Amino acid sequence: MKRLVVLVSGNGSNLQAILEACREGRLKAEVALVVSNRPGAYALERARAAGVEALVLSRDGRSRREYDAALAELVAAARPDRVVLAGFLHILSSVFLERFPDQVLNLHPALPGAFPGLNAIERAFEAGLDQTGVMVHRVDEGVDTGPVLGVEQVSIHPEDSLESLTERIHQAEHRLLIRCLQEELSDETSPAVRLG
Ligand code: GRF
């Protein structure tokens, strides 16, 4: 069984999609650990309700590199095959990424190259486009950059409100994330995680 660590900051609907896919056997994996950088994240409750260990690691005045080193220790102890950023509002530095080469995936509610960073759905809606989308990519040190693993287009309808568009985007995210994880985890042996 492949092992996932999921990093979160908020609601955790994408974490929920992963937990359900694991439970239903659509994903041959288990969530070994959930870590939030925000104590109040609802995602923590979702994890615990599913019987998954859920920890908070706040930055608490640490430098980014100090925080990333502490986070890497926590994550490495869970021996993940993949680390999934599912609404994790923190930009990881090389201190973390070099510990898990090619193993860190991020989900972003926009198409590659469009609307990196916060409020991507709102910015796509306000731009008056008729097409946006969601993507999953490997994480590099940029903001929502790195090799793209999958994309799903989402139409913006003339009658859409920001709320209706947001709802459709989230549905697309839940589908795409599971599809990309299925591909990532299919017939490969677990890469060794560098501990220590
Ligand atoms: C998602 O839109 C994700 O793409 C973005 O943050 C949001 C998290 O939603 N990075 P949730 O916490 O999984 O419900």
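## A first term, and the model

A polar contact is a pair of N or O atoms within 3.5 Å. Keep that cut-off in mind when we come to the ligand. The structure you are looking at is a predicted model.

## Around the ligand

Let us begin where the ligand sits. The residues around it include Asn-11, Gly-12, Ser-13 and Asn-14. Further along the chain, Gly-87, Leu-107, His-108, Pro-109, His-170 and Glu-173 are also among the residues around the ligand.

Which atoms of Gly-12 lie 2.7 Å from an oxygen atom of the ligand, backbone or side chain? For Gly-12, a backbone N or O atom lies at that distance from the ligand oxygen. Asn-14 uses its side chain instead: an N or O atom there is 2.8 Å from an oxygen atom of the ligand. Leu-107 has a backbone N or O atom 3.3 Å from a nitrogen atom of the ligand. The protein covers 83% of the 370 Å² of accessible area that the ligand has on its own.

## The whole chain

Now step back and look at the fold. The protein chain contains six helices and seven strands, and along the sequence they follow the pattern β-α-β-α-β-α-β-α-β-α-β-β-α. The radius of gyration is 16 Å, close to the 16 Å that the globule rule gives for 196 residues, so the chain is as compact as a globular protein of that length.

Along its principal axes, the C-alpha trace spans about 55 × 40 × 30 Å. Of the 196 residues, 49% are buried. The accessible surface of the chain comes to about 9300 Å², and carbon and sulfur atoms account for 50% of that surface. Among contacts with a separation of 6 or more, 63% are between residues 24 or more positions apart.

## Helix α1

Try finding residues 13-23, which form helix α1. Why is this helix largely enclosed by the rest of the structure? Eight of its eleven residues are buried, so the rest of the structure largely encloses it. The buried residues of α1 are Ser-13, Asn-14, Leu-15, Ala-17, Ile-18, Leu-19, Ala-21 and Cys-22. Two of these, Ser-13 and Asn-14, are also among the residues around the ligand.

The cover over the buried residues of α1 includes the strands β1 (2-8), β2 (29-36), β4 (82-85) and β5 (104-108), together with the helices α2 (42-49) and α6 (162-185). After α1 comes Gly-25, whose phi is positive, near 80°.

## Nonpolar cores

In soluble globular proteins, nonpolar side chains tend to be buried together. Here, the largest nonpolar core has 37 residues, and those with the most contacts inside it are Val-6, Ile-18, Leu-27 and Val-34. At least two residues of this core come from each of β1, α1, β2, α2, β5, β6 (131-138) and α6. The largest share, nine residues, is supplied by α6. Apart from this core lies another, of 21 residues, among them Leu-33, Leu-57, Leu-71 and Val-75.

Leu-27 is a good residue to zoom in on. Beyond its neighbours up to four places away in sequence, Leu-27 touches Leu-4, Ile-18, Ala-21, Cys-22, Ile-178, Leu-181, Gln-182 and Leu-185.

## A look at Val-104

Val-104 lies in strand β5. Is Val-104 buried or exposed? Its relative accessible area is 2%, so Val-104 is buried. Leaving aside residues up to four places away in sequence, Val-104 touches Val-83, Leu-85, Leu-92, Phe-96, Leu-97, His-137, Arg-138 and Val-139. The C-alpha atoms of Val-104 and Thr-145 are 12 Å apart, with their positions 41 residues apart along the chain.

Terms used. Residues numbered from 1 in each chain as written. Predicted model: local features only at pLDDT ≥ 70, side-chain atom pairs only at ≥ 80, totals over all residues. Heavy atoms only, no water. Buried < 20%, exposed > 50% of the residue type's maximum accessible area, 1.4 Å probe, protein only. Helix = DSSP H or I, 4+ residues; strand = E, 2+ residues; numbered from the N terminus. Contact = heavy atoms within 4.5 Å. Core = buried A, V, L, I, M, F, W, Y, C linked by side-chain atoms within 4.5 Å. Near = heavy atom within 4 Å. Polar contact = N/O pair within 3.5 Å; in protein donor to acceptor, adjacent residues only side chain to side chain. Areas by Shrake-Rupley, 256 points an atom, 1.4 Å probe, with all protein chains shown as cover. Rg over C-alpha atoms; globule rule 2.2 N^0.38 Å.
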